[in-house]
Amino acid sequence: MVTVPCGTAMIGGCDRSATIDGQIPHVFGFRLWQSEGIIVAASGTMNVLFQGMSALRGEKTVQQTGAETVHKLCDRVRHSTLLEDRRAAVMGLKGLARDWKLEVGTKGMPVLVNVLQNDRADVEIIKAVTETLNILCSPDALNDHTRKAEDDAEDLGKMFTEIYTKDPANVTILLDILEEADFYVRFYTVQLLSTLLEHGATRLQECILTSPLGISRLIDLLDDRREIIRNEGLLLLIALTQNNADIQKIIAFENAFERLLAIIMDEGATDGGIIVQDCLTLTHNLLKYNVSNQNLFRETSCINRIPSLLTNRMPGRDQSGTIDASLTDESSVWSDQKIINTVLVLELIRIIAGPKNPSAQANQTTICHTKIIPMLIDLVSSSHVPSEVKAQALLSLGDAIRGHKANQDIVTKSAISIESKTSSANLPPVPCVLFLIRVALDQNQFAERAASAYAVQSYLYHNPDAQLALISTILAPPTDNPNERRSDTPHSAGSLLISAILDWDTARKDPFRAWFAATIVAHAISDNDTCKRRALATKLDEDEDAIPLLHKCMYALLHACRAGADVRVVIAIFSLLCVWVNGCPKAVTELLSEGSNVQFLVEQVNQSSGVNPLVQGAAAFLLGLVIEYNDDSEPTFTRSGLQSLVASRVGFDVYASRLERLRESKELNSACQHILKPETPVDANGLPQVFFDLLFVDIFKSSYDAVVTGISVTDSKRRAPQTDDATIQSYRDTITSQAQELANMRNQLDAVQVTLSDERAKHADQMKALQETVDELRLEMSQERTKYSELAEEQEDLLVCLADQDAQMKVLRNKLRSYGEVLSDDDDDAQEDHPETTISSQEPNARLDEDFL
């Protein structure tokens, strides 16, 4: 700092070699500030803060507070006429903003906003203002030197954010400033918008929506060639689109999907870095729970570009460029970032094809045409793909085929080649469904197993042909199978599932093997009476003592309960039996044909200790379904007999409490469609706490009231009240009269519709005739207007010619007068009244003129 006496001149200078952060050359100019007889020359560097404060300090003996300094700086910004003075004062406020945030914010906020409005042409001052506002609105750091203890709890950043965004015009100013091409101006403006969004997202979103071109300017940040600006804009858009459907729609219709996909491809698709992750995250925000954006995504053929995202960027043979290769290529290198990017692309498929999506069917049809499903099957079956990617690919495959017949048929026709674990030769290809079942039953990572089971369930959903095909393979291949001598003996899908259920004891450490098998079989017979009857008719043994499959399952359940099996195995078999007997009286009759089954169920419900409450609830529900759908075909256990048995052995209150406890259990209510939630906890054995499949939960909740009521209401009470013949006849007569009246009204409606159609036809002909008349009149009027225009032009031409002749006659008369010819004023008047006679009388004079010449 240099001080000179007042009145002494000082020459300004500059340093063109100085840099800011070692990047951009900057010119520093000196400022002349005068305060109480002292002139201070301060440079535009960071020392201007200290020099400015010294200049504003006044006399050396007077101690000036920070609040007074802020007040003087604000006054200088408000009243200085020179831009340099205002710029230097703003720099001073920026230097004080961190230590004196409360004072700078309360006194300087209106001043800074005014600078944004009036001095937008100056890049330096706008950059300083945006930096200062960003400091004021950022999260406040506690500082004992700047605030007292009682003020530390107050969030100044949030308060100043509310003050700034109170007027939407302030946000509109920032959006307008984004048109400035300067790097730092755009950078600090985007940072300020991000800070405002952090403290007041809802209010900032409302302000942005009021700006006509606000969203467009934000989207234009994606086209900035400077990656820092583009990346900051990308983060801002991600935060802005979190939970505002209106902003999501506007951004989507600003060609956002094409821009984001172009950036992803330029960055290397799944081989790209964090920018690809941010672009995919923003795409998720725009599509999730937004049907209109999903329709736009489909109609602009963006779904067709998803296969190009699931590729590898690998160097070509000549090392001069890159080529696209499959993700299943052996030379693929799976970094952590690549796994994240691939998972996000697969989640994109799940968003547009999710089961709760209203436009899922249309999106699934497009997925079918874009060959995405074969790519997902390749990812699932490849041994070079990480488990996280496989799990997400299985979930995406399940969502893509769920309830869509064409996509399910693609899975039916697909076969997968697998490598033999005991020899170098490859085994024959296996059906894709069998491969998925093996993945679910084998000891892979649980996320992968759950996703594979979900894919099989989606394949069976609303696909009766696939359900019947799976149930038809319950029996194992014949004993004379030529492949039985091989170590890898092939199994059918159904026999593999049934063996996993019945032989649960061979895999005690893996209770989910039987759990997944039982849930898949339950989905195979759900809402399909044909499959339920086919399963009832299945007998596993070929000798004379062949046991039906239902009794085999009940025996496995009895053995699991008495052998202390994991509760998941017991619940899985109970769930399968509940799905089986639900709405199927024949299955109930078959179950009641073995008396020990009823005794076992009553024992499980009635036992007061040593039984898991979940198992008791499942047993009570199965017993309730048996009573509900009992058609008394088994005379030993009629409906009333079972009700009496429950009443005497268990009691209605105890029975209802078992069901109520199951309904309120967190294990039942935590069931989800995709089996495994991201936040699912694990038990002491490291097993996820998954107990119920969503199919059983839906049946339980929908049948709960009927089961609770049916266990105590007798047949006589359930029957409809008896009525006499006269009442029935009166009802029939009423129905007949109402039917006749309805038929008459329909005939009248048909007659009215015929009359209405005739009237419409007549009116249409009349309207056509009137329209033709109007067209003819318009044509005639147009022709008349053309004629009128031509006549008007002719009249105008004649008037112009007449004026020219009058002028010529006046010239000739003047010439005659100059030659001495005497002309009276009357001639002039006659000339004006009768120009035609005047013109003819001028001919002799014209001859004299010629002789004279």
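Helices, at least four residues long, and strands, at least two, are taken here as DSSP runs numbered from the N terminus, and the exercises below apply that numbering to a predicted model.

**Exercise 1. Place Ser359 relative to the helices, and decide whether it is buried or exposed.**

Solution. Begin with the position in the chain: Ser359 belongs to the loop that runs between α17 (336–353) and α18 (360–369). Next, take its relative accessibility, which is 8%; because buried means under 20% relative accessible area, Ser359 counts as buried. Finally, look for the residues around it: leaving aside those up to four places away in sequence, Ser359 touches Val291, Gln294, Asn295, Arg298 and Ile352.

**Exercise 2. Check what span the helices α17 and α8 should have, and how many residues of each are buried.**

Solution. The expected span is 1.5 Å times one less than the number of residues. For α17, with 18 residues, this gives 26 Å, and the end C-alpha atoms are 26 Å apart, which agrees. For α8 (residues 183–199), with 17 residues, the expected value is 24 Å, and the end C-alpha atoms are 25 Å apart, which again agrees. Turning to burial, α17 is mostly covered, with 14 of its 18 residues buried, while in α8 14 of the 17 residues are buried, so that helix is largely enclosed by the rest of the structure. One further detail belongs to the start of α8, where a side-chain oxygen of Asp182 comes to within 3.1 Å of the backbone nitrogen of Tyr184.

**Exercise 3. Find the loops that hold Ala269 and Asp527, and state for each whether it is buried or exposed.**

Solution. Start with the backbone: phi of Ala269 is near 55°, a positive value in a residue other than glycine, and phi of Asp527 is likewise positive, near 55°. Then locate each residue: Ala269 sits in the loop between α13 (256–266) and α14 (274–287), and Asp527 in the loop between α26 (511–525) and α27 (529–536). Last, compare the accessibilities with the cut-offs, under 20% for buried and over 50% for exposed: Ala269, with a relative accessible area of 2%, is buried, whereas Asp527, at 77%, counts as exposed.

**Exercise 4. Identify which residues of the largest nonpolar core touch the most other members, and which helix gives the largest share.**

Solution. The largest nonpolar core has 224 residues, and those touching the most other members are Leu218, Phe574, Trp580, Tyr655 and Phe692. The largest share of this core, 13 residues, comes from helix α29 (residues 567–581). To see one of these residues in its setting, take Trp580, which, apart from residues up to four places away in sequence, touches Ile525, Lys532, Ala535, Leu536, Leu549, Leu550, Cys553 and Ala587. As general background, nonpolar side chains in soluble globular proteins tend to be buried together.

**Exercise 5. Determine how many disulfides the structure holds, and whether Cys584 and Cys672 are buried or exposed.**

Solution. The structure holds zero disulfides. For the two cysteines, the relative accessible area of Cys584 is 6%, so Cys584 is buried, and Cys672, at 16%, also counts as buried.

**Exercise 6. Describe the protein as a whole: what helices and strands there are, and what share of the residues is buried.**

Solution. The protein has 40 helices and nine strands, and 46% of its 853 residues count as buried. Among contacts with a separation of 6 or more, 66% come from residues 24 or more positions apart.

Note on methods
Residues numbered from 1 in each chain as written. Predicted model: local features only at pLDDT ≥ 70, side-chain atom pairs only at ≥ 80, totals over all residues. Heavy atoms only, no water. Buried < 20%, exposed > 50% of the residue type's maximum accessible area, 1.4 Å probe, protein only. Contact = heavy atoms within 4.5 Å. Polar contact = N/O pair within 3.5 Å; in protein donor to acceptor, adjacent residues only side chain to side chain. Disulfide = S-S within 2.5 Å. Core = buried A, V, L, I, M, F, W, Y, C linked by side-chain atoms within 4.5 Å.
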